[in-house]
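Reader: I am new to this structure and would like to be led through its pockets and its charged contacts. Could you show me the model and then take my questions in turn?

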Amino acid sequence: MTTLAEREYFLGLAALLNSMVRHGTYVDKVIVGYREALPSWLPPLHPSKNGQAFTLPSGLEVELVELNGSLHMVHEKPKWFLHLTEVLAPEATEYYFFDSDIVINSRMDFYGEWVREGVAICGDVNFVFHRRHPIRKKWAAFARAQGREITNELDDYYNSGFLGWTHETKQFIHDWNDAFAMLAPHSGNMNEFRVFDRTAVVLSTNQDSFNLAAMITAQPIAPIGPEAMGFIYGMRLMHHPIGPKPWTRRFVPEFFNGKPPRESDLIFWENVNGSELRPLPDGKVKSKQQLLRALRFLGRFYKSLA
């Protein structure tokens with residue numbers, strides 16, 4: 001399993017790892033690509049083949065590999081996955097990526113069942129994106145200009161915050177890097193998360209190219225809709241907070257502005273301290289959980305009266 005982290009996103013990493021072990025671990029190693037300073041609350045580190053590593057109480061090894069690249073972290077994904085697959089862990093049979101703000105809600109061995117059906121991808125919160133959408137047709141034209149065929153006529157848009165692939169389907173990672181190169185000239189400043197709006201041919205380089213890769217790949221894909229990330233009710237395999245992250249929100253002022261805590265906020269605070277990592281004082285975490293439960297309850301009435 002792999003993820004990317006920098007600065008406060010290490011708090012997200014703690015919640016991700018705690019939730020993963022809580023639901024059965026399944027993976028045999030975690031490789032974290034990181035930038036900038038490592039937090040002081042990590043367990044004792046020791047040298048590893050590719051950087052530094054620590055061992056969780058459950059026995060799982062976590063390797064920390066410094067990321068080379070100056071783009072916004074999200075745009076480093078396709079290059080990082082290629083490095084992971086070809087250099088860091090070429091012997092692996094299955095690979096899983098979770099954004100470091102995700103919390104896992106379901107048994108981990110399901111991901112193994114899923115990825116054996118094809119490249120595992122999840123629907124985005126903005127899920128509907130018809131095959132004849134004018135932006136998608138422009139992507140298709142870019143691909144054909146590079147000699148690539150459109151192998152999958154898709155009507156849905158997928159979130160690059162999760163991806164699962166196997167040794168047999170790793171060509172998808174090459175397809176994503178190819179798609180990224182096609183869209184990069186139209187992307188604006190990739191030191192930013194986003195530059196343009198959805199009327200532009202590229203909104204988010206990493207995620208738009210991820211969707212173009214799904215269009216041009218010859219590998220089988222195994223999509224689940226936006227319910228997988230908790231965006232709608234259904235098969236909520238994980239929770240992925242959209243917008244401000246749970247560790248940055250000012251919950252009381254936001255509540256009185258009509259923005260009560262989300263379920264993903266509460267789930268993060270229920271997992272940030274756990275069996276594997278405890279980056280924050282227990283008292284702070286407990287008080288935050290109590291506050292969020294109270295505000296979520298009151299939000300049922302406050303929103304209806306506002």
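Reader: Which element gives the most residues to the lining of the largest pocket?

Author: In this predicted model, the largest pocket has a volume of about 640 Å³. Of the 32 residues that line this pocket, the closest to its centre are Tyr9, Val74, Asp99, Phe193 and Lys245. The elements that give two or more residues to the lining are β8 (119-128), β9 (156-166), α6 (205-216) and β1 (2-6). The one that gives the most, with four residues, is β1.

Reader: How many residues of the lining of the largest pocket are charged?

Author: The residues of this lining divide by class, with 11 of them nonpolar and 12 of them polar. The class that remains is the charged one, and its count is nine.

Reader: Which element gives the most to the lining of the second largest pocket?

Author: The second largest pocket holds about 440 Å³ of space, and of the 20 residues that line it, the closest to its centre are Gly230, Arg236, Arg262, Glu263 and Ser264. Both α8 and α9 (282-305) supply at least two residues of this lining. The element that gives the most, with four residues, is α9.

Reader: Is helix α8 largely enclosed by the rest of the structure or largely open?

Author: The buried residues of α8 are Ser264, Asp265, Leu266, Ile267, Phe268, Trp269 and Asn271. Because seven of the nine residues of this helix (residues 263-271) are buried, α8 is, with respect to the rest of the structure, largely enclosed.

Reader: How many residues apart in sequence are the parts that Arg7 and Glu36 tie together?

Author: The side chains of Arg7 and Glu36 meet in a salt bridge, at 2.5 Å from N to O. Arg7 lies in the loop between β1 and α1 (9-22), whereas Glu36 lies in the loop between β2 (29-35) and β3 (46-47), so the parts that the pair ties together are separated in sequence by 29 residues.

Reader: Is Arg7 buried, partly exposed or exposed?

Author: A residue is buried under 20% relative accessible area and exposed over 50%. Because the relative accessibility of Arg7 is 47%, Arg7 counts as partly exposed.

Reader: Which residues are joined with Arg7 into one network by salt bridges that share partners?

Author: One salt bridge joins the side chains of Arg35 and Glu76, at 3.8 Å from N to O. Arg35 lies in strand β2 and Glu76 in the loop between β5 (61-66) and α2 (77-88), so this pair ties together parts that are 41 residues apart in sequence. Through salt bridges that share partners, Arg7 is joined into one network with Glu6, Arg35, Glu36, Glu76 and Lys79.

Note on methods:
Residues numbered from 1 in each chain as written. Predicted model: local features only at pLDDT ≥ 70, side-chain atom pairs only at ≥ 80, totals over all residues. Heavy atoms only, no water. Buried < 20%, exposed > 50% of the residue type's maximum accessible area, 1.4 Å probe, protein only. 1 Å grid on protein atoms, 1.4 Å probe; cavity = no way out; pocket = protein on both sides within 12 Å on 5 of 7 lines; lining within 4 Å. Points joined across faces, edges and corners; volume = space filled by probe spheres on them. Nonpolar A, V, L, I, M, F, W, Y, C, P; charged D, E, K, R; others polar. Salt bridge = Lys/Arg side-chain N within 4 Å of Asp/Glu carboxyl O.
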